[in-house]
Amino acid sequence: MDVRKKTKAPDAAALDSLKQHHQQYKTIALVLQGGGALGAYQAGVYEALVEAGMQPNWVAGISIGALNAAIIAGNAPEQRVARLHEFWQAITRPQLIPTWFTPPLDPGAWELPWQNGLSGLAALRALSEGQPGFFTPRPFPLMPWRASPTTASWYDTSPLKATLERLVDFDRINHKTAMRVSVGAVNIRTGNFAYFDNTEGDLRVEHFMASGALPPGFPAIEIDGEFYWDGGMVSNTPLYKVLSDASCRDSLVFQVDLWSARGDLPRDLAEVTTRSKDIQYSSRTRLITEYMANRQRQQRVLHDLMALVPEDQRHHHAYRQAEIYASGALINLFHLIYRNKPYEGHYKDYEFSADSMRQHWTSGRDDMQSTLDQPEWFAKPSAEHPFVTHDVHCDD
């Protein structure tokens with residue numbers, strides 16, 4: 001199925017069908033992978049969901065996915081898309097020298113090299129100038145007097161803290177009736193992965209910044225005496241967390257990836273770098289999906305077998321143990337993956353130009369709308385097939 005083409009919003013009948021289907025699920029989860037500048041794709045996906053009247057009640061993210069999660073959960077539903085626009089417009093402005101005017105080109109032999117050159121220049125500027133509202137280069141970062149976990153980095157991310165504090169209402173995130181939020185980071189001292197979840201304690205700006213603190217570019221973030229780096233160092237997707245916790249509830253899950261595990265063979269060193277990053281940061285999403293699908297099927301079989309046990313035998317310790325592992329939940333998972341643009345290089349995750357951001361956003365919106373054009377996919381799975389997946393890019 002080709003989802004690169006422009007699509008229109010679902011019609012009224014399709015929206016009504018979608019509404020009837022998605023209201024059957026107790027959990028609607030949005031799972032956001034890390035990927036730096038590519039994260040605008042996730043914002044486009046979310047915008048299309050909102051237009052279809054499908055608000056998630058759980059958002060989980062890693063790295064840039066955690067920042068998008070903060071914007072979504074930290075604002076009133078009617079303000080979320082506008083705040084996402086504000087965030088992405090803020091961090092994709094030129095830091096120092098304005099971008100000069102570039103006239104539109106007719107399609108031809110020179111268009112792709114021209115786009116590639118502008119994209120590479122934008123990435124170079126991000127490295128040398130930083131990005132407003134996000135990060136700025138540190139002067140003399142290798143000097144010994146900077147020996148501290150919070151300053152041992154090429155860039156200072158204090159502008160990001162100010163941006164999040166301006167755009168995110170953390171009281172809303174931590175309200176007892178709030179959307180559930182989960183973000184992942186790595187404890188530097190232990191090397192263990194950690195999830196910060198607003199159902200287990202209050203989340204602060206530092207929790208979201210820790211999830212995106214990718215070394216050596218960004219500094220470690222201190223939280224309650226421990227220091228954390230980007231969760232993508234261990235797993236770039238919170239999918240396992242969401243599927244594990246959702247295994248006891250009927251759930252509709254949107255997994256939005258920014259890196260594709262599958263791709264073409266590289267032909268030169270630049271393509272080797274691009275391909276290796278795709279493989280590294282895709283974080284075995286499909287393997288996790290297959291594992292969790294098999295586990296959910298086993299839990300469902302156990303659940304159905306337990307229903308056959310006579311009432312007078314259910315006090316047995318084996319039955320009580322089985323209750324812990326059995327589940328009658330039904331899971332419907334949609335997998336959307338950002339597709340590389342022809343002009344992009346290995347620097348695509350730190351190429352923060354406004355033009356690329358708009359293309360990423362539009363791609364996410366179009367891919368989600370293509371999915372919404374199939375309202376029958378949103379029907380609750382059957383007991384015989386309790387875990388169903390829909391792959392938007394089914395040719396992968």
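**Exercise 1.** Work out whether Asp 304 is buried or exposed, or somewhere in between, and find its salt-bridge partner.

*Solution.* Start with accessibility: Asp 304 comes out at 33%, so it counts as partly exposed. The scale calls a residue buried under 20% relative accessible area, exposed over 50%, and partly exposed in between (1.4 Å probe, protein chains only). Next, the partner: Arg 300 forms a salt bridge with Asp 304, with the closest N and O atoms 3.3 Å apart. That fits the cut-off, a side-chain nitrogen of Lys or Arg within 4 Å of a carboxyl oxygen of Asp or Glu. Arg 300 itself is buried, at 13%. Finally, the two sit four residues apart in helix H11, so about one helical turn separates them.

A word on the model: it is predicted, local features need pLDDT of at least 70, and side-chain atom pairs count only at pLDDT 80 or more, while totals for chains, interfaces and linings use all residues. Numbering runs from 1 along each chain as its sequence is written, and side-chain values use heavy atoms, leaving out hydrogens and water.

**Exercise 2.** Say which parts the salt bridge between Arg 180 and Asp 245 ties together.

*Solution.* First, the contact: the side chains meet at 2.8 Å, N to O. Arg 180 lies in strand S5 (residues 180-187) and Asp 245 in helix H9 (residues 239-245), so the pair ties together parts 65 residues apart in sequence. Helices (H or I, at least four residues) and strands (E, at least two) are DSSP runs, numbered from the N terminus. Then the surroundings: Arg 180 is buried at 17%, whereas Asp 245 is partly exposed at 24%.
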